[in-house]
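User: I am new to this structure and would like to go through it by question and answer. Please keep to plain reasoning.

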There are 2 protein chains.
Amino acid sequence: MELTDIHSSADLKGLSEAELEALNDKLRAALLVKLSRHGGHIGPNLGVVEATLALHYVFDFPTDKIVYDVSHQSYVHKMLTGRMDAFVNPADYDKVSGYTNPDESAADLFKIGHTSTSLALAAGLAKARDLKGGKENVIAFIGDGSLSGGEAFEGFDYAATLGSNFIVVVNDNEMSIAENHGGLYENLRQLRESNGTCQCNFFKAMGFDYRYVAYGNDLHRLIDVFREVKDSVKPVVVHIHTQKGEGFAPAEADREHFHYGAPFDITTGAPLNMDEEPDYGDITADALMDMMKADKDVVAITAGTPGVIGFTPERRAQAGEQFVDVGIAEQAAVALASGIARGGGRPFFGVVSSFIQRAYDQLSQDLSINGSPAVIGIFYGTVLGMNDVTHLGWFDIALVSNIPGIVYLAPTCKEEYLAMLGWAMKQDRYPVALRVPGCKVVESGRTFPDDYSELDRYSMVREGTDVAIIAAGSFFGLGEQVADTLAEKDIKATLINPRYLSGLDREMLSALKAKHRLVITLEDGILDGGFGEKIARYYGTDCDMMVRCYGLKKEFADRYDYSAMMKANHLDPSDISEEIISLLCNS
Amino acid sequence: MELTDIHSSADLKGLSEAELEALNDKLRAALLVKLSRHGGHIGPNLGVVEATLALHYVFDFPTDKIVYDVSHQSYVHKMLTGRMDAFVNPADYDKVSGYTNPDESAADLFKIGHTSTSLALAAGLAKARDLKGGKENVIAFIGDGSLSGGEAFEGFDYAATLGSNFIVVVNDNEMSIAENHGGLYENLRQLRESNGTCQCNFFKAMGFDYRYVAYGNDLHRLIDVFREVKDSVKPVVVHIHTQKGEGFAPAEADREHFHYGAPFDITTGAPLNMDEEPDYGDITADALMDMMKADKDVVAITAGTPGVIGFTPERRAQAGEQFVDVGIAEQAAVALASGIARGGGRPFFGVVSSFIQRAYDQLSQDLSINGSPAVIGIFYGTVLGMNDVTHLGWFDIALVSNIPGIVYLAPTCKEEYLAMLGWAMKQDRYPVALRVPGCKVVESGRTFPDDYSELDRYSMVREGTDVAIIAAGSFFGLGEQVADTLAEKDIKATLINPRYLSGLDREMLSALKAKHRLVITLEDGILDGGFGEKIARYYGTDCDMMVRCYGLKKEFADRYDYSAMMKANHLDPSDISEEIISLLCNS
């Protein structure tokens, strides 16, 4: 059978064992070719070729329903559900997203990109089925790394009470993005070592029936087990032990590196584009490692993404007890940071903008109400960062800056970031969040103060008249460009680096009234609930001061083009300059 | 020993067993007197008198450190740590909060009011201790009901890896606020029935040592066990089975009712003030029960607080499979609602404003990105609601309204709430959140539309000139008062009910420019990131339109006086009217 002959689960039903084996090989080979040319989640998808094919052979999608956790491992599922072209035709590679997407196929139930959500989402499908008297199978497919997230636990706890068909496939490849951490993983190890027979069993303790598959890349064994649990009338876990990166030696050998990656040489695994520029993760890790050497109370914390803060395996080994990976568990990470600070330690928790969303309540309750002087580094908070709809870095300003008590700083370049990081880690008065300035490192060559304890003091970088440009964090460069463009037209604009996203410099804003008729705000995030609106409110009753806020429209965009997105939001120096001139002329 | 002779754990150390027993009785008696006169968390505190006394007898606080989960059960801890006056002198009853509070005593480590946070916070204390080479005991004290929250699981998972002293006391009284739900609770039952010996053990599966105390109200047995685990060098769970409401027959008999309550007759348990007025919970439950009868796909969901949405034990029994309690697990509740909606069901998840904070990411990712037409009812979102710092209902507008795709409606009265609820539960286009209009039911006698599918259309209730008052939700009444006050001074104000918190009626806002010079916004929440700022931004470049936003200052206030808080934020009809007149005269 050719790959392009497969359009749905139905096309697999009549195949012999040998035909299935041959098909499995073709799927993995095609997948590897696309991954090598296009990049993506390499190890997770190579590891589940057999499991996915077995599921599609045994079950009937989309009648039966499957929810993939994170859904970064759903490539083979896509290949088997009408989207083969996007895996075998290079011109069509970008026709599908890297995650499940109901817009692409009825076999995809949800747009998913965050971890640990599959059980509760699938439990909802099962509950709706039960109310309607349906009989289809509902399956949640979750990796061991995602088990550490509290939402997964909550999902197990509820789903056990369904009393009806509910199948959880736990894909245990002994890895999160990096190695796993946590007490639960010791139990998974015991289960693997006892071939699933040890009495103390997390899944049974949660109320599930349980089956273990020691070699989860054995297509036929998987088919047998899935047949056994199909149409089961009570919740069951099928724990399969798989090889991350199966069938591609470099990915099997370096599972962390090949979790996600850019195009690579299909023979050696070597990256095709060598990018040796240090990123903000490296910069952060270097700074923290220096602090750790000087102060044993400094602790770097990650929630399952050590690479984001530059903690390579080498740096993790060097940091020893001063590095903590709580697993994918942002809630615990924030609470832990608060507890460490309360106990006199100096914690830094580094987290992706899209994932800090998982800990709003912990930022508010565990951290800020308690005034714990922990530091939260928020990475990739920018329109020029991840552009999958589930990973947008647009919302953290509205999320963090409106929580009382947290000082949210927006450095504009590497030098200012390091100055603010240094202050934040030394002070003991405030919870401090740092918005890492974009993805691409900007070196300004400027020097910055080493003390930010006098809150909400903006920095006036250029003094002009008529228009003041308040350009926050990663959009400070855009502000400079606007000021330069205006200067070419003989308009001398004031340029301000606000530094603080969480409060207003009322003194400076008041003083601006003397010589300015227009204030422009620029922020790298959505306008709603953001920084600019606070400025607009401040000047609301000043008849002689106009305010124009620039930022992103509140929406969920998916895989957008960066230039088009900037243009659509008028984030272009010449557009902004023209509008400024127009406003000044007409007022 | 008299109660007032106790100032810290140290005062207990020399007591004999008989003296301890006598003290225990005095503690319970005094506690019951205060509870009967003052109200509070009745059952949780009566149930842990022995456990708290035993802990203070065995450990040395504040050298040793204890973190109480939710901390609503910390009354006896307060009695034993220098705050006895607040329990034995009626004049001093309000000198302490109902939760742990470091401002009151060094024996309290954190301000805590939300569930499931104790393990991760305490783990932070333990980690800081280990970095510093300290030897003190660190204890987390958590009830069985709080175990269902994902953050508790994340805390277990991390704490198991500490490899040092970490003691978790699991206070199992077989109840959350109401009865427990979830697979985990079956394991707790098995553990109780096997006297802690059953092989499949959640806590052991998480990597903890384990001890069981069958009668957790036996002071001496508790002392023995706490002595055994004191100074243990690895994480251990002490699972104690206690009686909620111990020693007060009415509270033992009706554990749900006596979880939290107002003053009651100390003999019979009968409430001293009978309040028979229906609240928005009753109104909600009645409406949902009617819908359930007509449509088997309607499901009411709670995360451990069925009383908030009026689901009494009787209504829960009537609703049967159409009522779901996921336990205290807001994340799963939102994801479950999204899944049910995706499966064709009609879910309503009712939740307290302060607790929806625990599910920001689920509102964004699981619900809104997927456009699932689930309904989220948000209760007690008002400055006139709960006034403990950990339970403020001020933040939900900024939290919910800035998430793309969620329609956030703010009904102004009972009639409009029911109209909007009816529409939300029938439609299948949008995730809808409803901000229940305050705590006290307002009946306007007005009729309202039954269709809100044309989004962001404000309703002009009175048409005037010069000033337009946009008064949202529970502050609509305040807006009416301002308009009435202005009318007495011959100023005919426009009054608008915006209805939608999540978007602007640009057409109406534009039309206002013709006859108005000032727009006033009124919202029952913090100004930062809220509703008014969006209006201020909209008019930012209109030189002829002033905007003044009224709402709450961004801060964490604790046990504030309602009138003083309203006044401090200028939320007074005459103050607002005067300012309007001043602005109109000076512009």
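Analyst: What follows concerns a predicted model, taken up through its cysteines and the interface of its chains.

User: How many disulfides are there over all chains?
Analyst: A disulfide needs two cysteine sulfur atoms within 2.5 Å. By this rule, the count over all chains is 0.

User: Why does Cys200(A) not form a bond with the closest cysteine sulfur?
Analyst: Cys200(A) is buried, with 14% relative accessibility. The closest cysteine sulfur belongs to Cys200(B), and it is too far for a bond because the distance is 5.9 Å.

User: Which residue holds the cysteine sulfur closest to that of Cys413(A)?
Analyst: Cys413(A) has a relative accessible area of 2%, so it counts as buried. Its sulfur lies 16 Å from the closest cysteine sulfur, too far for a bond, and that partner is Cys439(A).

User: How much area do chain B and chain A bury between them?
Analyst: In chain B, 106 residues are in contact with 106 residues of chain A. Carbon and sulfur atoms account for 60% of the buried area, which is about 8700 Å².

User: Which three residues of chain B supply more of the area it buries against chain A than any other three?
Analyst: Together the three supply 8% of the area that chain B buries there. They are Leu131(B), Glu154(B) and Arg537(B).

User: How many salt bridges does the rule find across the interface of chain B and chain A?
Analyst: One salt bridge joins the side chains of Arg537(A) and Glu533(B), at 2.8 Å from N to O. Across the interface of chain B and chain A, the number of salt bridges is 10.

Technical notes. Residues numbered from 1 in each chain as written. Chains lettered and ligands numbered in written order. Predicted model: local features only at pLDDT ≥ 70, side-chain atom pairs only at ≥ 80, totals over all residues. Heavy atoms only, no water. Buried < 20%, exposed > 50% of the residue type's maximum accessible area, 1.4 Å probe, protein only. Contact = heavy atoms within 4.5 Å. Buried area = accessible area lost by both parts, 1.4 Å probe. Salt bridge = Lys/Arg side-chain N within 4 Å of Asp/Glu carboxyl O.
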